[in-house]
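Biologist: Please take a close look at one part of this model for me. I would like the backbone and the surroundings of that part described, and then how the rest of the chain compares in kind.

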Amino acid sequence: MIHIKDIAERPSKADIDAVSRFSPATIHEAQGRRGALSSRLKPVDYRMKLCGPAFTVKCAPRDNIMLQLAINYAKPGDIIVVSAGEYEEAGSFGDVLANACLAKGIGGLVTDTGVRDTLQLRELGFPVFSLSVCIKGTVKETIAAVNDTIIVGGEIIHPGDIIAGDADGLVVVRRQEAQEVARLSQAREDAEAGYIAAYKAGKSVIEVSNLEPVLKAKSLVVDI
């Protein structure tokens, strides 16, 4: 017997807001270059962003019955994260289900299979990140798990982990690490602002990045 489960522990709004202030690239670097999902997973529109708790679901390839159940039971703000076997030749989600998500206030979709109706998805503005775009339809046959730990884009995703995405890609943050990751992300942004200020003040990239001892150790010879 398979049970439909809710997320056991959702991150607080404060934790989600803290993480959402930063880009996935900054978060990835700040948390020790961890958590980046495969670069093959991209938004259907570069302007799309998402950040929220992962509502995880497993689907069989070319089968979206469990995705529809996930949409039914997800809460406002949840990001539905689908593990469907990295199967590209299926359009498991489109404008009709996007409207169902919007009506419920769901925060976005991440799936390692295909989607379709991308023109309408862009017009709706519902954030969708997918492995592919494919017009081929799906069946509704195979029952599987909701809110179990899954692997998507090469990363382990636990229900309630925070998923953040923008035009560059996706990153996962463990729920219990959210505030520390936000602190480290802010420190990284502050440091980068200092680098930019230094460049504008006329310093070279070698000076700003302190590359001289590194280059000397590697016996670099400059003939320019």
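Modeller: Arg-33 is exposed, because its relative accessible area is 59% and the cut-off for exposed is over 50%. This is a predicted model, and every value here was computed from it. Arg-33 sits in the loop that links helix H2 (24-30) to strand S1 (42-43). Its backbone has a positive phi of about 55°, although Arg-33 is not a glycine.

Ser-219 also has a positive phi without being a glycine, here of about 60°. Ser-219 lies in the segment that follows helix H8 (212-217). With a relative accessibility of 58%, Ser-219 counts as exposed, since the cut-off is over 50%.

Back at helix H2, which precedes the loop of Arg-33, Thr-26 is a residue of that helix. Thr-26 has a relative accessible area of 9% and is therefore buried, the limit being under 20%. Leaving aside residues up to four places away in sequence, Thr-26 touches Ser-185, Arg-188 and Glu-189. These three residues fall within the range of helix H6, residues 178-200. Between the C-alpha atoms of Thr-26 and Arg-116 there are 30 Å, and the two residues are 90 residues apart along the chain.

Helix H6 also packs against helix H1. Two packed helices are described by the angle between their axes and the distance between the axes. For H1 (residues 13-20) and H6, the axes come within 9 Å and cross at roughly 25°. H1 and H6 are therefore roughly parallel to each other, because an angle under 35 degrees counts as such. H1 passes H6 in a left-handed crossing. On the H1 side the contact is made by Ala-14, Asp-15, Ala-18 and Val-19, and on the H6 side by Ala-178, Gln-179 and Ala-182. Sorted by type, the residues of this contact of H1 with H6 are five nonpolar, one polar and one charged.

A second helix pair can be described in the terms used above. The axes of helix H3 (residues 65-73) and helix H4 (residues 95-104) come within 9 Å and cross at roughly 20°. H3 is therefore roughly parallel to H4. The crossing of H3 and H4 is left-handed. H3 contributes Leu-67, Gln-68, Ile-71, Asn-72 and Tyr-73 to the contact, while H4 contributes Leu-97, Ala-100, Cys-101 and Lys-104. The residues in the contact of H3 with H4 comprise six nonpolar, two polar and one charged.

From the helices, the last stop is a strand. Ser-130 belongs to strand S5 (residues 128-133). Its relative accessibility is 4%, so Ser-130 counts as buried. The side chain of Ser-130 reaches the backbone oxygen of Ser-132 at 2.9 Å, and Ser-132 is itself within the residue range of S5. Not counting residues up to four places away in sequence, Ser-130 touches Arg-40, Leu-41, Lys-42, Val-44, Thr-111, Thr-113 and Val-115. One of these, Lys-42, falls in strand S1 (42-43), the strand at the end of the loop that holds Arg-33.

Key. Residues numbered from 1 in each chain as written. Predicted model: local features only at pLDDT ≥ 70, side-chain atom pairs only at ≥ 80, totals over all residues. Heavy atoms only, no water. Helix = DSSP H or I, 4+ residues; strand = E, 2+ residues; numbered from the N terminus. Buried < 20%, exposed > 50% of the residue type's maximum accessible area, 1.4 Å probe, protein only. Polar contact = N/O pair within 3.5 Å; in protein donor to acceptor, adjacent residues only side chain to side chain. Contact = heavy atoms within 4.5 Å. Axes fitted to C-alpha atoms, helices over the stretch in contact; angles between N-to-C directions. Parallel < 35°, antiparallel > 145°, perpendicular 65-115°, else oblique. Left-handed = near helix turned anticlockwise from the far one by under 90°. Nonpolar A, V, L, I, M, F, W, Y, C, P; charged D, E, K, R; others polar.
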